[in-house]
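Reader: Could you take me through one small part of this model up close, and then how it sits in the rest?

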Amino acid sequence: MDLIILSENGFASSTEILNFADQLKTKKMKKKEAEQVLKLFVEDKWLSERNGEYTLHTRCIMEMEQYILSNYQDVARKCNICHSLAIQSQVCETCGIGMHLPCVGKYFKAQTEPHCPHCNDFWPHEIPERIRDRHHASC
């Protein structure tokens, strides 16, 4: 969870996760065991995997939202549009609000020059096309 939440894009690679598992102080895990745990987390819908990159699944975000918000106060934020926990998001460089990538796409869809919905400063990030995000069905 640390690797995903503390990353810039809301993803952690399998290599990063396996290296991190190797450094655990509480329980040493062999690479094969760590790979099996990752596989189970995906099967049980705690993590989602795409091209060797892992992110939190909708189930994890919904069930662990309060835990994540209280334990990662410096980096975890709620989406300014849908008010759900935003793991894969863009952040306003001026006021610091965050928005899920699908919410960014929807919010700025009709705007030729995007501005932050909170402070009205120019939104400097690339605007994703409106996509159906299976990780955030609630958006």
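Which residue in β3 is the bridge partner of Arg50?

Author: Glu53 is the β3 partner that Arg50 bridges to. Before going on, a word on ground rules: this is a predicted model, so local features need pLDDT of at least 70 and side-chain atom pairs pLDDT 80 or more, while totals for chains, interfaces and linings use all residues. Residues are numbered from 1 along each chain as its sequence is written, and side-chain values use heavy atoms, with hydrogens and water left out.

Back to that bridge. Strand β3 (residues 53-56) and β2 run antiparallel, with four bridges between them. They belong to an open sheet of three strands, ordered β1-β3-β2 with antiparallel pairing; its edges are β1 (12-13) and β2 (47-50), each pairing on one side only. Here, strands (E, at least two residues) and helices (H or I, at least four) are DSSP runs numbered from the N terminus, and two strands pair if DSSP finds at least two bridges between them.

β3 also helps to cover the buried residues of α2, as do α1 (2-5), β1 and α3; buried means under 20% relative accessible area with a 1.4 Å probe, protein chains only, and contact means heavy atoms within 4.5 Å. In α2 (residues 14-22), the buried set includes Ile17, Leu18 and Ala21. Those residues sit on the same side of α2 because they cover an arc of only 95 degrees around the axis, taken from the directions from the helix axis to the C-beta atoms.

Now the core. The largest nonpolar one has 19 residues, and Leu56, Ile68, Leu85 and Ile87 have the most contacts inside it. A nonpolar core is a set of buried Ala, Val, Leu, Ile, Met, Phe, Trp, Tyr and Cys residues joined through side-chain atoms within 4.5 Å. β3 gives two or more residues to this core, as do α1, α2, α3 and α4 (58-71), and α4 supplies the largest share, four residues. Ile87 links back to our strand: among the residues touching Ile87, leaving out those up to four places away in sequence, are Thr55 and Leu56, along with Ile4, Ile5 and His100. Another core, of 10 residues, lies apart from the 19-residue one, and Ala86, Met99, Phe108 and Trp123 are among its members.

Zooming out, the protein chain has five helices and seven strands, and buried residues make up 35% of its 139 residues.

How values were computed:
Buried < 20%, exposed > 50% of the residue type's maximum accessible area, 1.4 Å probe, protein only.
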